[in-house]
Amino acid sequence: MVARNQHYVVPVTWGSSINFSIVQFFVALLFAVFFVGAVYMAGEYVTFNMIPVSEGDTFSGNDSSSQPECSLFSGKWVFDNESYPLYKEKDCSFMSDQLACNKFGREDLSYQQWRWQPHHCDIPRFNATRLLERLRNKRMVFVGDSLNRGQWVSMVCLLDTSIHDPNLKSMHNNGSNLITFKALGYNASIEFYWAPLLVESNSDDPVNHKLPERIVRSQSIEKHARVWTDADILVFNSYLWWRRPHIKVLWGSFEDTNGIYKEVEMIRSYEMALKTWSDWLEIHVDRAKTQLFFISMSPTHERAGEWGASNDQNCYSETDLITKEGYIGSGTDPKMMKVVENSIDELKTRGMQIEMINITQLSEYRKEGHPSIYRKQWEALNEEQLLKPNSYSDCIHWCLPGVPDVWNELLYAYIFRQ
């Protein structure tokens, strides 16, 4: 890199030595140009091989005949207790008790030490300072359900542990749907907004949302969207809360007694909601400013019989990964995935740049990465509940540090790709 800035000074004397001096000058000049070019191309080559591509796309190195094609979402888990975890649970000032598995009794910590290795290429190493610089004077907002909140907590921990002065970071939660982490030295906001179905629903209260009947206003999103309209990076998800055969759809408002209610098949109601979401993005998002991402379905591991264990077990006490390549459990719905893919493809035809971060397959293998009984929701499990792990294990969310950190490594790669 020194050659970029170095000046080659070749003395030119008059008289019999002039021809020799000119030759020296041009030889030195050619050498400098060649060396700078070589350094530049080497840097570009390394960078290119570290940059991911869109889901389903592939890329190769400078020499397509020698470099195999690569997708960041196709690979394997590699045990790496030297580089991982990327932070320690106790060092994250804002760790969620729902995800702090070691704090609530989990002693086997190997779930923290797995690295996702794509075939034929590498994920760029997460650099908190670089991302904070990218976020200087900007807003990054995660919008969705508790799985997206878990990814947000992971992102907060990844950034928090790099900000050593406690006076330069803060967390604000006023009881509304929005929680804000601020890196004050960068004037950067990393936020989470609770909207589990993206559109309005009767489950929008961030605390009191577990209701026997789920109702959505599939054509109404403005109440939520106006909060994150001006964000610079938007990271969406919405799957878990749709997982039931039918959803009651409301035409009208929750306050209007004359509203029309209808039971709609889940996939159809999901399509309706994503149509409302995508139409809003097309009209309101500043295409020159905002980066858009959708996190694919996070798999669950509630039926151990699916990976060869006892049918009456779940993720509790699991310490190993699933090794069957391409494994898909019943907690994943390909039809829902296809609805999102179609929505994103349609947005792209309308000139919107949005990427799906496909975390589904790589997360399918991680049956041991869930909190099971080692967590605190509103209250920690009592002794009676702890004796019934098959009934009270959380096999939906993920321990931290853990799988969501890898989701954020992939997200990080895409942020710097654009």
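**Helix packing and sheet architecture in the predicted model**

Helices α6 and α7 are roughly parallel to each other, because their axes cross at roughly 25° and angles under 35 degrees fall into that class. The description refers to a predicted model. The two axes, of α6 and α7, come within 10 Å, and the crossing is right-handed. On the α6 side, the contact is formed by Met-266, Ile-267, Tyr-270, Glu-271, Leu-274, Trp-277, Ser-278 and Leu-281. These residues meet Lys-335, Met-336, Val-339, Val-340, Ser-343 and Leu-347 of α7.

Helix α6, which spans residues 266-284, also lies across three strands, namely β9 (233-236), β12 and β13. The helix runs at about 165° to β12. Helix α11 (residues 403-417) likewise packs on the sheet, where it touches β3 (139-144), β9, β12 and β13. The direction of α11 makes about 155° with that of β13.

The sheet itself is open and consists of 7 strands with mixed pairing, in the order β4-β5-β6-β3-β9-β12-β13. Its edges are formed by β4 (169-173) and β13 (354-357), each of which pairs on one side only. On average, neighbouring strands of this sheet are turned by 15° against each other, direction ignored. At the β4 edge, pairing with β5 (residues 178-183) is antiparallel and extends over 5 bridges. Within this pair of strands, Met-171 stands opposite Phe-181 of β5.

Two serine residues located in loops were examined individually. Ser-110 belongs to the loop that joins β1 (75-79) and β2 (114-118). With a relative accessibility of 18%, Ser-110 counts as buried, because the cut-off for that class is under 20%. The side chain of Ser-110 makes a polar contact with that of Asp-108, at 3.1 Å. When residues up to four places away in sequence are not counted, Ser-110 touches Phe-79 and Thr-319.

Ser-317 is found in the loop between β12 (291-295) and α7 (334-349). The relative accessible area of Ser-317 is 56%, and this residue is therefore exposed, the cut-off being over 50%. Ser-317 and Pro-371 are 54 residues apart along the chain, and their C-alpha atoms are separated by 10.0 Å. The two serines thus fall into opposite classes, Ser-110 being buried and Ser-317 exposed.

Definitions and conventions. Residues are numbered from 1 along each chain as its sequence is written. This is a predicted model: local features need pLDDT of at least 70, side-chain atom pairs count only at pLDDT 80 or more; totals for chains, interfaces and linings use all residues. Side-chain values use heavy atoms; hydrogens and water are left out. Helices (H or I, at least four residues) and strands (E, at least two) are DSSP runs, numbered from the N terminus. Buried means under 20% relative accessible area, exposed over 50%, partly exposed in between (1.4 Å probe, protein chains only). Two strands pair if DSSP finds at least two bridges between them. Axes are lines fitted to C-alpha atoms, for helices over the stretch in contact, and angles run from 0 to 180 degrees between N-to-C directions. Contact means heavy atoms within 4.5 Å. A polar contact is a pair of N or O atoms within 3.5 Å; within protein, one must be able to donate a hydrogen and the other to accept it, and residues adjacent in sequence count only if both atoms are side-chain atoms. Angles under 35 degrees count as roughly parallel, over 145 as roughly antiparallel, 65 to 115 as roughly perpendicular and the rest as oblique. A crossing is left-handed if the near helix is turned anticlockwise from the far one by less than a right angle, and right-handed if clockwise.
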